[in-house]
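Me: Please give a close account of the largest pocket in this structure. What lines the largest pocket, and which residues are the closest to its centre?

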Amino acid sequence: MIDLRSDTVTQPSSEMLAAMAAAETGDDVYGEDPTVNALEAYAAEITGKEAALYAASGTQTNLLGILSHCERGHEYIVGSRAHTYMYEGGGAAVLGSVQPCPIPFNSRGELPLDEVEAAVKPDDAHFAITRLVCLENTHAGKVLSMAYLDEYSRRMQALGLRRHLDGARAFNAAVKLDVTIEGICQYFDSASLCLSKGLAAPVGSVLVGSKDIIARARRYRKMLGGGMRQAGVIAAAGLYALKNNVQRLADDHANAARMGQALKEMGLPLANPVETNIVMLAPEIDTTPLIEHLQQHGVRINGHRWVFHRDISSDQTDHIIAACRSYRNEHAGE
């Protein structure tokens, strides 16, 4: 099956598996796993941060980031459709007593900065203390511009607020903008970077930030049961991904763009222009019959969100387009 449900479904390449098999390991809870240490050092180096921490998932590194910036009774401002608010089990509130303050994204996937400032609570015992503002890059495949990130950073710093990035697909954003990942991370005090999406590692994310933030996060990781002992076996996949799978993200972007253009030509509208590896169909499209049709042609989709990744080739993209054309022909006039 050609699987468009997410870029989390990728399988490790033979080269990645070889790196995992050859990994040197030790006890990471003691700080003695050389491969984990190498991954963390490399992640810190390429993002321009003092330190990094390897963890099991992006959900965990986002939680570690929020907990490391906030105390009980603090709040973080976040997009109302953001992953850290909608899809991470309410972890910051449940486990950290940190209150989320959600505000809507605009059409570009940005938090409107005037609305962010208006949401900051006054110094009053009736309110939680606003401490952190979280952005997501990319959101629904939309890339935050460098101009926006610069303005966001300056305004949040002027307010004395800390800055966290859910960078689950930040490498996609960097490739799209033709900037380094350090160029994006410079605007944040901490960033969660997923290794198991477009970078195609089987597991893991890294949190990057200052030495103090990462020291706090390491303590929380242990508290959450995130000490993984001989984790070099999986860290090797992440290190391989960072060194070999970043620039090839442009191939996924190209396949997604071609898919998006083909859908528009068939009269299947998109929710927004394709910028990276995610194609979003317009919400008014009933995808139920399309899901069934594509399934019969060996293509799996969840619905309106189609995600391209390393395991989808240009030829397979042609196959998906052909299957969509056959669907459109069968449903002409509907």
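Reply: The account below takes up the largest pocket and then the second largest pocket. This is a predicted model, in which local features need pLDDT of at least 70 and side-chain atom pairs count only at pLDDT 80 or more, while totals for chains, interfaces and linings use all residues. Residues are numbered from 1 along each chain as its sequence is written, and side-chain values use heavy atoms, with hydrogens and water left out.

The largest pocket holds about 730 Å³ of space. A pocket here is an open set of points on a 1 Å grid over the protein atoms alone, where a 1.4 Å probe fits, with protein on both sides within 12 Å along at least five of seven lines; its volume is the space filled by probe spheres set on the points, which are joined across faces, edges and corners. The lining comprises 33 residues, of which Arg81, Glu136, His139, Ala140 and Arg305 are the closest to the centre; a lining residue has an atom within 4 Å of a point. Two or more lining residues come from each of helix 3 (58–69), strand 7 (190–194) and strand 9 (278–280), and helix 3 gives the most, with three. Helices (H or I, at least four residues) and strands (E, at least two) are DSSP runs, numbered from the N terminus.

The second largest pocket has a volume of about 210 Å³. Its lining has 13 residues, and Val179, Thr180, Ile181, Val246 and Gln247 are the closest to its centre. Helix 8 (170–177) is one of the elements that supply at least two residues of this lining, and helix 8 gives the most, with three.
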